[in-house]
Each structure stands twice: as C-alpha cells, then as structure tokens.
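Hi,

Here is the structure I promised to pass on. Have a look at it first, and then read my notes underneath.

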Amino acid sequence: MRLVLQRIRRALPGAHPAPFVLEVDAVLEGRVTAVFGPSGSGKTSLLELVAGLQAPDAGRIELDGATLADAG
C-alpha cells in the first residue's frame, strides 16, 4: 500500500484565539501504519480525511495511485 498525503492542509475548530491547522506532507508505504500524538493533535481528523469523511482545504490524497481528494 502507498498512501500519499501531499501538502494536506485543513483548518479545524480549536483553541482560541486561532483555530488549529492540520498540515501533513508524507508518503506512507507498508501494510501497517501507526498515527500517534497528544490529544488534539489531529489524529482523528487525518483519518477522516483519508476515509473521505472530511475534505482537505488544500492538498492531494492518493492511495495506490488513485486520487481520493485533490484540493489543489
């Protein structure tokens, strides 16, 4: 499996005064991938982006060469 997260950006509601902005630029290859981090770091939002439950504000998501999302 090859998952490409190219310049992904998604603004999320969060702590005031500014919203949290998730930014990811990665190529993940292999059968198992772990996502970890502190509470509020965007783990669930990242998985929702890959699953198509959210759309990125910018960037491109590809899985094995197929485009899942392309927000430029």
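Let me start with one residue, A58: it counts as partly exposed, because its relative accessibility is 22% and that class covers values between 20% and 50%. Keep in mind that this is a predicted model.

A58 is part of strand β3. Leaving aside residues up to four places away in sequence, A58 touches R7, I8, R9, A71 and G72. L3 is another matter: its C-alpha atom is separated from that of A58 by 17 Å, with the two residues 55 apart along the chain.

Now for the sheet that β3 belongs to. It is an open one with four strands, ordered β2-β1-β3-β4, and the pairing is antiparallel. β2 (20–29) and β4 (66–70) are the edge strands, so to speak the ones that each pair on one side only. On average, neighbouring strands are turned by 20° against each other, ignoring direction.

On one side, β3 (residues 58–63) pairs with β1 (residues 2–12) over five antiparallel bridges. There, L3 has L63 in β3 as its bridge partner.

β3 also pairs with β4, again in the antiparallel sense, over four bridges. I61 has A69 in β4 as its bridge partner. The hairpin of these two strands has two residues between them, and D64 takes a positive phi near 50° there.

Last, the helix: α1 (residues 43–51) lies across β1, β2, β3 and β4, and runs at about 120° to β1.

Shout if anything is unclear.

Cheers

Technical notes:
Residues numbered from 1 in each chain as written. Predicted model: local features only at pLDDT ≥ 70, side-chain atom pairs only at ≥ 80, totals over all residues. Heavy atoms only, no water. Axes fitted to C-alpha atoms, helices over the stretch in contact; angles between N-to-C directions. Contact = heavy atoms within 4.5 Å. Buried < 20%, exposed > 50% of the residue type's maximum accessible area, 1.4 Å probe, protein only.
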